[in-house]
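Biologist: I'm new to reading models like this one. Could you take me slowly through a single helix, and then show me how it sits in the whole protein?

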Amino acid sequence: MLAIYPGSFDPITLGHLDIIERGCKLFDQVIVAVLRNPNKTPLFTVPERIEQIRRSTPHLSNLEVDSFDGLTINYAKMRHASALLRGLRVLSDFEMELQMAHTNKTLSAQIETVFLATSNEYSFLSSSLVKEIARFGGAIDHLVPKHVAVDIYQCFAKIPPASAQTTNLTPAPDRPKTELLTESLPDRET
Ligand code: PNS
């Protein structure tokens with residue numbers, strides 16, 4: 001059985017990784033599908049996000065990372081998926097996720113949405129929160145994979161905390177920093 005795990009992943013967090021790892025145990029194959037969304041100003045480009053996810057998941061042999069635009073359900077149909085995988089952190093996620101699941105069901109009765117309860121330790125975690133902490137110089141290397149923390153610190157041109165400085169991972173290519181520092185956070189993000 002093939003499941004699609006769609007999302008923004010700007011960037012991937014340990015909460016996303018938790019869902020991906022558990023999804024890979026439940027399904028024969030999982031595709032993490034990064035939405036190419038022209039309406040958002042992301043911190044990382046889609047190729048950067050794909051690379052971050054790939055670097056976080058070399059241990060998962062039944063995982064593919066891809067990108068898509070348009071409707072998630074159309075991408076799922078195109079890939080012959082049986083399920084959409086989503087994580088649920090808190091009650092407030094539920095309303096929006098249920099609406100999406102119901103909408104997607106009206107578009108394809110064959111594709112089920114499967115929710116996994118996010119592990120307790122990540123129930124507060126979102127990409128937006130990580131970006132906000134990093135923006136103000138806080139430590140984030142316990143919230144995202146180490147190489148992603150390096151990428152984020154580089155974006156915000158902050159000196160990383162000592163724990164992140166000890167990693168010898170290559171950061172993402174340089175980018176205009178003034179533009180990123182004025183970026184506004186999205187309303188809700190996983
Ligand atoms: O990580 P996110 O931002 O919470 O992911 C939301 C996402 C990408 C799953 C959702 O916005 C989506 O599916 N967008 C694609 C457009 C679409 O299919 N819209 C109808 C969903 S009901």
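Modeller: Here is a close look at one helix, followed by the wider setting. Keep in mind that this is a predicted model, where local features need pLDDT of at least 70, side-chain atom pairs count only at pLDDT 80 or more, and totals for chains, interfaces and linings use all residues. Residues are numbered from 1 along each chain as its sequence is written, and side-chain values use heavy atoms, with hydrogens and water left out.

Let's go to helix 5, which spans residues 127-135. Helices here are DSSP runs of H or I with at least four residues, strands are runs of E with at least two, and both are numbered from the N terminus. Which residues of helix 5 are buried? They are Ser-127, Ser-128, Val-130, Lys-131, Ala-134 and Arg-135. Buried means under 20% relative accessible area, exposed means over 50%, and partly exposed is in between, using a 1.4 Å probe and protein chains only. Those buried residues lie on the same side of helix 5, because they cover an arc of only 160 degrees around the axis. The arc is taken from the directions that run from the helix axis to the C-beta atoms. The general idea is handy here: an α-helix has 3.6 residues a turn, so residues three or four places apart point the same way. Right after helix 5 comes Gly-137, with a positive phi of about 85 degrees.

Now zoom out. The protein has eight helices and five strands, and from the N terminus they run β-α-β-α-β-α-β-α-β-α-α-α-α. Of its 190 residues, 49% are buried.

Strand 5 covers residues 112-117, and Glu-112 belongs to it. Glu-112 counts as partly exposed, because its relative accessibility is 41%. Leaving out residues up to four places away in sequence, Glu-112 touches Ser-82, Ala-83, Leu-84 and Lys-105; a contact means heavy atoms within 4.5 Å. Glu-112 and Ala-3 are 109 residues apart in sequence, yet their C-alpha atoms are 9.2 Å apart in space. Across the protein, 72% of the contacts with a separation of 6 or more are between residues 24 or more positions apart.

One last stop is strand 2 (residues 29-35), which runs parallel to strand 3 (residues 63-68) and is joined to it by six bridges. Strands pair if DSSP finds at least two bridges between them. One of these bridges links Ala-33 with Asp-66 in strand 3.
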